[in-house]
Amino acid sequence: MRKIFWIFLIAISLATLSYAQDQPEQLPPSDKKTTENKQPQKKNAKQGASYINFRFGYSGGSIDGFSYNVPTYGIGIESEWGNNHLGLSGHEIEWRKEQFNSTGIGYLLSFQFARILPGPSKHFIAKASGGLEWGVPSEMHDKTSWIYAQNGELQSYTHLYVHRNAWSPFGAHENAILQPLAELRFKSPPVPIELGIRLQYMGFELENYNLVNNTHTHESQYKLVPSFFIRLQIKM
Amino acid sequence: MRSGSIGLSIILTLVLMTSYSCSGLQSPTEPTGVNNIPWSPYILVHANGEVMMGYREAFSDLKNHGALRGIRINSVDRNGGSKPIVDLAVSSGLEIVGIFDNDDLFDDNVEASIDQIFRIYYPEITVFQFGNELTTIIPKTQPQMNIETYMLKLKRIYKHLRTNYPDVVLVTQSTFGSGFYGANELKRMAELGLKDMSPQFVILGMNIYTESALDEIAAIRRNHLGEYRVWVMESGTNVPDNQVSYVVNFYPRIRSELAAERIYWYALWAGDEGSQDTGFNLIGHPQTSQITMSPLYKYLTGR
């Protein structure tokens, strides 16, 4: 089942990439009236490009007093269309892995649309992107703190965890997340490296158990979680 | 110069990520444990009158080293066969969880069975677990009980306890400890009325032996039963040389991911040579005064 699922996803991403590369240059209707107008338009059309990206990232900080350190790596396919469509200049699909010591969890798949931002020169390119990420997250944001009495008796504890809000084809099917994300990336051609920051909008649940009073409280919250990354790009 | 800086940045990033990845294995919020490993001082013991001598020595030794606060007795039977172990545990100052045997759950008058068993073991024991891997552990040649029937029984048990033994805490049957069978079963239990029982008197019991069982059951518990406390009633490895590393690497994940208050090691003794569970043992040959000790036992007692 898992193999079929991943083969399906890879096929979709390759098909998407192929579609983007095969799209003919579309000219406005007015340009089709005269051949004189066609030539300048073709001359202005930019060549699209596709890349394989290798991501190395890190997210660290504190949420409700719980510190977290989440390294991540990933691989993806990115397509720059050459010309903007609906204000967008490209798209990408990426597979990302969190928590290297676990084989069962920490696999995420994202799809983003991007726009190249106007920069000061052709040697400095800034790109903004946004999209959705789906997958089974790691447990590196899941934390529990414990309070014990002097005699070793457990008094209370607090449990923080990422809200799993999506279905997955794996395991018990309730272990996935679907979350929006945005990225800002910078690169300086021809160096094939991007530096960037990512913001993920993540849901968290906070459970508190007091064994002395035998009470339980629960709180939901959403937070923007930043991470930093480097991407190595190989042009296809 | 420029490419050198970029290369250095990449190497530094990789080094940082690797070090953070390793540090991520342990939560800074974990209790200190015993001898600096995140041990949970709870152990399953098999009730067997022949091993009293070895158990007495192990209880005392482990307790003196802060490695034992409570035990889970594998069966509290209506014939009183576990009474000597219970008395020993009480005299040793240990907390006790008694397992109401799977066989007794088949009794049509389960309330009468409870009364009969409680006449022997209550109030020395005030925490009872009703069933253990009920839908998976019974040999297929014997009568089976599905989770739907179990939940009907559990509702009756809960009602009987609340009415007649209000100070008794009920621990649900342990779900299966490998794969995601246990997670699906726990979800079914929630759908079949577990959520109607007060979290103040009910604790979720589960066995966790594998990473996949942990990940899946944690997801189900969060989504459906977040207000309930969790005790992992069995965990461990049958490779003696891996016992210490198992506790170091897996216990913190159980505690962080599942917020399990207790993790009971399986087992203090599960039989000597010839038993397939021998590798789980913390001690061997408890029938004699010369018990043998597993690597984890030695670590816990500073040997």
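## Exercises on helix packing, core and chain contact

The crossing of H2(B) and H3(B) is right-handed. That comes from a predicted model, and here are four exercises to work through with it on screen.

**Exercise 1.** Find how H2(B) and H3(B) are oriented to one another, and which residues meet.

*Solution.* Start with the two helices: H2 covers residues 52-64 of chain B and H3 covers residues 83-91 of chain B. Their axes come within 11 Å and cross at roughly 20°. Angles under 35 degrees count as roughly parallel, so H2(B) is roughly parallel to H3(B). Next, look at the contact itself: Met52(B), Tyr55(B), Arg56(B) and Phe59(B) on H2(B) meet Pro84(B), Ile85(B) and Leu88(B) on H3(B). Sorting the residues of this contact gives six nonpolar, no polar and one charged.

**Exercise 2.** Do the same for H8(B) and H9(B): give the orientation, the hand of the crossing and the residues that meet.

*Solution.* H8 spans residues 181-191 of chain B, and H9 spans residues 211-224 of chain B. The axes come within 8 Å, with a crossing angle of roughly 15°. With that angle, H8(B) is therefore roughly parallel to H9(B). The crossing of this pair is right-handed. From H8(B), the residues in contact are Gly182(B), Ala183(B), Leu186(B), Lys187(B) and Ala190(B). Facing them from H9(B) are Ala213(B), Glu216(B), Ile217(B), Ala219(B), Ile220(B), Arg221(B) and His224(B). By class, the residues of the contact divide into seven nonpolar, two polar and three charged.

**Exercise 3.** Name the residues that touch the most other members of the largest nonpolar core, then trace the contacts of Ala267(B).

*Solution.* The largest nonpolar core has 89 residues, and Ile43(B), Val232(B) and Ala267(B) touch the most other members. Now take Ala267(B), leaving aside residues up to four places away in sequence. Ala267(B) touches Ile43(B), Leu44(B), Val45(B) and His46(B), and also Asp277(B), Phe280(B) and Asn281(B).

**Exercise 4.** Work out which helices of chain B supply at least two residues each to the side that touches chain A, and which gives the most.

*Solution.* Begin with the count: the contact takes 39 residues from chain B and 39 residues from chain A. On the side of chain B, H1 (2-23), H8, H9 and H10 (243-258) each supply at least two residues. H1(B) gives the most, with nine residues. To finish, classify the side of chain B that touches chain A: its residues divide into 15 nonpolar, 12 polar and 12 charged.

How values were computed:
Residues are numbered from 1 along each chain as its sequence is written. Chains are lettered from A and ligands numbered from 1 in the order in which they are written. This is a predicted model: local features need pLDDT of at least 70, side-chain atom pairs count only at pLDDT 80 or more; totals for chains, interfaces and linings use all residues. Axes are lines fitted to C-alpha atoms, for helices over the stretch in contact, and angles run from 0 to 180 degrees between N-to-C directions. Helices (H or I, at least four residues) and strands (E, at least two) are DSSP runs, numbered from the N terminus. Angles under 35 degrees count as roughly parallel, over 145 as roughly antiparallel, 65 to 115 as roughly perpendicular and the rest as oblique. A crossing is left-handed if the near helix is turned anticlockwise from the far one by less than a right angle, and right-handed if clockwise. Two residues are in contact if their C-beta atoms, placed from the backbone, lie within 7 Å. Ala, Val, Leu, Ile, Met, Phe, Trp, Tyr, Cys and Pro count as nonpolar, Asp, Glu, Lys and Arg as charged, and the others, Gly among them, as polar. A nonpolar core is a set of buried Ala, Val, Leu, Ile, Met, Phe, Trp, Tyr and Cys residues joined through C-beta atoms within 7 Å. A residue is buried if 20 or more other C-beta atoms lie within 10 Å of its own, exposed if 12 or fewer, and partly exposed in between; C-beta atoms are placed from the backbone.
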